[in-house]
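Colleague: Please show me the model, and let us then discuss its fold, its interior and its surface.

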Amino acid sequence: MSDHEEKATRTSRRYFLASGFVAVGGILLTGLFVLRSGFLFLFPKSREREYTKYLVGKAKDIPVGKAKEISIGNKPVFVTHLPEGFRVFSGVCPHLGCIVKWKERENQFYCPCHKAVFDNDGTVLAGPSPRPLDEFEVLVEGSLVFVHIRKREPVI
Ligand code: FES
């Protein structure tokens, strides 16, 4: 075998091996992609990731009969402490979207725009609101109170 023939054979072997590696690599990557897609289909992302947890404060700082206002985004949220536990309400009036106020002495929410009144559990007592205040999930973990709000909640 001449030098020229030997070099051509080596080059063709090198080319064959390189194209084999590319083909095997492509098959492996495709397999991994299919496995990943199947795994995500069978085990979708957990529900937890759809929610955001906001710290309200210490439970002892909101005595029964009181409410605490916090801001989430730029919207107010009220955490009320009723005898049966904590409840969390949107501060956005369901009528036309004004911001409600907490009236501690009356233990009620009041909307200054068209005078809607809501009880401390969010129910409509007076005024034009078509429905109660929107309510969010509340979590009490140890001595701390959290609000659990769905990430695409329309009122936040
Ligand atoms: S916006 Fe609240 S009563 Fe109209």
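Modeller: The questions and answers below concern this predicted model.

Colleague: Which pattern of secondary structure does the protein follow along the sequence?

Modeller: The secondary structure comprises one helix and ten strands. Read from the start of the sequence, these elements give the pattern α-β-β-β-β-β-β-β-β-β-β.

Colleague: Which strand supplies the largest share of the largest nonpolar core?

Modeller: This core has 13 residues, and Val 56, Val 79 and Val 147 have the most contacts inside it. At least two of its residues come from each of β2 (67-72), β3 (75-82), β4 (85-90) and β10 (144-150). The largest share, three residues, is that of β10.

Colleague: Which residues does Val 56 touch, not counting residues up to four places away in sequence?

Modeller: Val 56 is one of the residues with the most contacts inside the largest core. With residues up to four places away in sequence left out, Val 56 touches Ile 62, Lys 68, Ile 70, Val 79, Val 145, Phe 146 and Val 147.

Colleague: How many residues are in the second, separate core?

Modeller: Among the members of this core are Phe 78, Cys 93, Cys 98 and Ala 116. The total for the second core is eleven residues.

Colleague: Is Phe 43 buried, partly exposed or exposed?

Modeller: Phe 43 lies in the loop between α1 (3-42) and β1 (51-58). Together with Phe 39, Leu 40, Phe 41 and Leu 42, Phe 43 forms a nonpolar surface patch with about 600 Å² of accessible area. Because its relative accessible area is 49%, Phe 43 is classed as partly exposed.

Key
Residues are numbered from 1 along each chain as its sequence is written. This is a predicted model: local features need pLDDT of at least 70, side-chain atom pairs count only at pLDDT 80 or more; totals for chains, interfaces and linings use all residues. Side-chain values use heavy atoms; hydrogens and water are left out. Patches are made of residues with over 30% relative accessible area and no salt bridge: like charges are joined within 9 Å, nonpolar side chains (Val, Leu, Ile, Met, Phe, Trp, Tyr) within 5 Å. Accessible areas come from the Shrake-Rupley method with a 1.4 Å probe; for residues, only the protein chains shown count as cover. A salt bridge is a side-chain nitrogen of Lys or Arg within 4 Å of a carboxyl oxygen of Asp or Glu. Helices (H or I, at least four residues) and strands (E, at least two) are DSSP runs, numbered from the N terminus. Buried means under 20% relative accessible area, exposed over 50%, partly exposed in between (1.4 Å probe, protein chains only). A nonpolar core is a set of buried Ala, Val, Leu, Ile, Met, Phe, Trp, Tyr and Cys residues joined through side-chain atoms within 4.5 Å. Contact means heavy atoms within 4.5 Å.
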